[in-house]
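Thanks for coming. I will take a few minutes to walk through one structure, starting with the overall layout and then going to some side chains.

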Amino acid sequence: MRTLLAVITGTLIGVGCVPAAQPPSIDQIAPSLTQLGNGWTSNHVVVLVDQLNPTNAICNEGKGWLQAAHNVVGKRGREAYIVLRYAYGSNSALVWITRCKDPQSIGDDWGRDKETKSTLDSLPKIGEEVRFYRRDGMHNNIAFRRGNYLIDVESPSAPIEKLKQLAVLLDANLVRAQRASTPKGETPRE
């Protein structure tokens, strides 16, 4: 099974190597275990499909994940889709990242549905908009959008503070990757 580090340093585009005309590769956003610090024990790519590099479809957890990714990419302006799995102690957290062709393609139907009722008093200041949602007996989710990216961090049992930490690092890495891929004198594409 490929680790996230192997994916980032090996087969996918890395920070600073992205052509100036293209958005950051979706894998550049993922925090490393070093960034996350104590208690985080693993991270890896579950699935990745990115139209920036269509030959690099990755699936580490069953063909159903790959089919689901292909069902997302190419529809409603979705250009890339990656699912990452992190572990904090014995708790698992999934990160869903979608890159769209433009912010309007994200729409407004993210981070909530008719079955999600809960809110969180203090959300981190990330993205242009952030939402918290929870289904009774299910997962806690922190979802946010920044530019043409939609990121959702979820876990059924990881502490909310750890989900916040992961979301903040995802956002900081996205901002850094956007700046690195923007030619001098231009504003990052959002």
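**A walk through the model**

I will begin in one place: Glu129 is partly exposed, with a relative accessible area of 27%. Keep that residue in mind, as I will come back to it. Please also note that this is a predicted model.

First, the layout. The protein chain has four helices and seven strands. Going along the sequence, the order is α-α-β-β-α-β-β-β-β-β-α. The chain has 190 residues, and buried residues make up 46% of them. Its exposed surface is about 9400 Å², with 52% of that supplied by carbon and sulfur atoms. As for contacts with a separation of 6 or more, 54% are between residues 24 or more positions apart.

Now the charged side chains. As a general point, side chains of opposite charge can pair when their charged atoms come close. How many salt bridges does the structure hold? The count is nine, and I will go through some of them.

Take Arg85 and Glu61, whose side chains meet in a salt bridge at 2.8 Å, N to O. Arg85 is in strand β3, while Glu61 is in the loop between β2 (58–59) and α3 (63–72), so this pair ties together parts that are 24 residues apart in sequence. Are these two residues buried or partly exposed? Arg85 has a relative accessible area of 23%, so it is partly exposed. Glu61 is at 24% relative accessibility and also counts as partly exposed.

Next is Arg131, which has several partners to describe. With Asp108, Arg131 forms a salt bridge in which the closest N and O atoms are 2.7 Å apart. Asp108 sits in the loop between β4 (91–100) and β5 (129–134), and Arg131 sits in strand β5, so the pair ties together parts that are 23 residues apart in sequence. Here Glu129 returns: it forms a salt bridge with Arg131, and the closest N and O atoms are 3.0 Å apart. Which residues make up the network of salt bridges here? They are Asp108, Glu128, Glu129, Arg131 and Arg145.

How much of Arg131 is accessible? Its relative accessible area is 9%, which means that Arg131 is buried, the cut-off being under 20%. Arg131 also lies over the face of Trp110, at 3.9 Å from the ring centre.

That brings me to the rings. Two values describe a pair of aromatic rings: the distance of the centres and the angle of the planes. The structure holds four aromatic pairs. One of them is Trp40 with Tyr86, an edge-to-face pair at 6.1 Å centre to centre and 85° between the planes. This pair links distant parts of the chain, with Trp40 in strand β1 (residues 40–50) and Tyr86 in strand β3 (residues 78–88), 46 residues apart. Both Trp40 and Tyr86 are buried. Together with Tyr88, Trp40 and Tyr86 form one aromatic cluster.

The last stop is an acidic residue, Asp171, in helix α4 (residues 160–180). Is Asp171 buried or exposed? At 5% relative accessibility, it counts as buried. What does Asp171 touch, leaving out residues up to four places away in sequence? Its contacts are Ile126, Gly127, Phe144 and Arg146.

To recap, Arg131 is buried, belongs to a network of salt bridges and lies over the face of Trp110. Trp40 and Tyr86 pair edge-to-face, and Asp171 is buried. That is all from me.

Definitions and conventions. Residues are numbered from 1 along each chain as its sequence is written. This is a predicted model: local features need pLDDT of at least 70, side-chain atom pairs count only at pLDDT 80 or more; totals for chains, interfaces and linings use all residues. Side-chain values use heavy atoms; hydrogens and water are left out. Rings of Phe, Tyr and Trp (its six-membered ring) pair if their centres lie within 6.5 Å; planes under 30 degrees apart count as stacked, over 60 as edge-to-face and the rest as tilted. Helices (H or I, at least four residues) and strands (E, at least two) are DSSP runs, numbered from the N terminus. Buried means under 20% relative accessible area, exposed over 50%, partly exposed in between (1.4 Å probe, protein chains only). A charge sits over a ring if NZ of Lys or CZ of Arg is within 6 Å of the ring centre and within 35 degrees of the ring normal. Contact means heavy atoms within 4.5 Å. Accessible areas come from the Shrake-Rupley method with a 1.4 Å probe; for residues, only the protein chains shown count as cover. A salt bridge is a side-chain nitrogen of Lys or Arg within 4 Å of a carboxyl oxygen of Asp or Glu.
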